[in-house]
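Visitor: I am new to this structure, and I would like to understand the reasons behind the words people use for its parts. Could you take me through them step by step?

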Amino acid sequence: MDFHYDPQNIFARILRGEIPNNTVYESEHALAFHDINPQAPVHVLVIPKGAYVSLDHFARDGSAEEHLGFMRAVARVCEMLEVEGGFRAISNTRGDAHQEVPHYHLHILAGRKMGPMLVPQG
Ligand code: 5GP
């Protein structure tokens with residue numbers, strides 16, 4: 001797989017401070033911020049700071065330090081959001097999954113019953 005990263009994508013611009021965001025948490029390797037179009041009472045995006053297009057790109061080419069930093073950021077965000085009742089974590093990847101922003105991001109959704117994981121296709 002040949003992963004091409006577009007440095008003009010919206011999350012790259014957020015990381016460079018060119019576009020404002022509502023930050024929840026920031027560390028050396030990750031940034032977490034509220035989604036601009038929330039699909040649940042809690043809808044936070046966690047992104048690595050490195051230039052990775054997707055989950056499989058980050059999983060393949062991210063360093064162990066980046067992986068640990070990202071997962072620890074997820075843990076910290078979950079603590080901060082107080083999602084004891086549960087949450088759904090989603091990483092849409094490429095066209096079939098309707099990924100809109102080509103910088104890896106983990107959606108964390110909480111605060112309501114999420115329903116079935118996928119809507120059945122008729
Ligand atoms: P995807 O479809 O790629 O999995 O999800 C992209 C998410 O990014 C969407 O939920 C969308 O609302 C969110 N998003 C797009 N542009 C912006 C932005 O400029 N700021 C923030 N905070 N979220 C954004």
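Visitor: How many bridges join β3 to strand β5, and in which sense do the two run?

Guide: This is a predicted model, and in it five bridges join β3 to strand β5, residues 106-110, with the two running antiparallel. One position along this pairing is V42, which stands opposite A110 in β5.

Visitor: What makes β2 and β3 a pair of strands?

Guide: Two strands pair if there are at least two bridges between them, and β2 and β3 have five bridges in the antiparallel sense, so they meet that condition. Among the partners, A32 has V46 in β3 as its bridge partner.

Visitor: How do you know that β4 and β5 pair as well?

Guide: Here four bridges join the strands, which run antiparallel, and since at least two are required, β4 and β5 count as paired. In β5, H107 is the bridge partner of I90.

Visitor: In what order do the strands form the open sheet, and which strands stand at the edges?

Guide: The five strands follow the order β1-β2-β3-β5-β4, with antiparallel pairing. β1 and β4 (87-90) stand at the edges because each has a single partner strand, so that one side of each is left without a neighbour in the sheet. From one strand to the next, the twist averages 20 degrees.

Visitor: Which helix packs on this sheet, and what does it touch?

Guide: Helix α3 packs on the sheet and touches β1, β2, β3, β4 and β5, while its direction makes about 160 degrees with that of β3.

Visitor: Why is strand β3 called mostly covered?

Guide: A residue is buried when its relative accessible area is under 20%, and in β3 (residues 42-48) seven of its seven residues are buried. Both faces of the strand are covered, with V42, V44, V46 and P48 buried on one side and H43, L45 and I47 buried on the other.

Visitor: Which residues touch the most other members of the largest nonpolar core?

Guide: They are V46, F70 and I108, in a core of 19 residues. At least two residues of this core come from each of β2, β3, α3 and β5, and α3 gives the most, with six residues. Leaving out residues up to four places away in sequence, F70 touches A30, V46, I47, P48, F58, Y104 and L106. There is also a second, separate core of seven residues, which includes F11, I14, F33 and V101. In soluble globular proteins, nonpolar side chains tend to be buried together.

Visitor: Is H29 buried or exposed, and how do you know?

Guide: H29 has a relative accessible area of 17%, and because the limit for buried is under 20%, H29 counts as buried. H29 is found in the loop between β1 (23-26) and β2 (30-34). Leaving aside neighbours within four places in sequence, the residues in contact with H29 are I47, P48, K49, E65, E66 and G69.

Visitor: What makes the link between the side chains of H29 and E65 a polar contact?

Guide: The side chains of H29 and E65 are joined at 3.2 Å, and a polar contact calls for a suitable pair of N or O atoms within 3.5 Å, so the distance satisfies the limit.

Visitor: Why is the meeting of R13 and E18 called a salt bridge?

Guide: The side chains of R13 and E18 meet at 3.1 Å, N to O, and because the rule asks for a distance within 4 Å, the pair qualifies. E18 also forms a salt bridge with R16, where the closest N and O atoms are 2.7 Å apart. By this rule the count comes to six salt bridges.

Visitor: How exposed are R13, R16 and E18?

Guide: R13 has a relative accessible area of 31%, E18 has 41%, and R16 has 42%. Partly exposed covers the range between the 20% and 50% limits, so each of these residues is called partly exposed.

Visitor: Where do E79 and R76 lie in relation to each other, and why is E79 called exposed?

Guide: E79 and R76 are three residues apart in helix α3 (residues 64-81), which means that about one helical turn separates them. Their side chains meet in a salt bridge of 2.8 Å, N to O. E79 is called exposed because its relative accessible area is 54% and the limit is over 50%, whereas R76, at 35%, counts as partly exposed. Elsewhere, salt bridges that share partners join R13, R16 and E18 into one network.

Technical notes: Residues numbered from 1 in each chain as written. Predicted model: local features only at pLDDT ≥ 70, side-chain atom pairs only at ≥ 80, totals over all residues. Heavy atoms only, no water. Buried < 20%, exposed > 50% of the residue type's maximum accessible area, 1.4 Å probe, protein only. Polar contact = N/O pair within 3.5 Å; in protein donor to acceptor, adjacent residues only side chain to side chain. Contact = heavy atoms within 4.5 Å. Core = buried A, V, L, I, M, F, W, Y, C linked by side-chain atoms within 4.5 Å. Axes fitted to C-alpha atoms, helices over the stretch in contact; angles between N-to-C directions.
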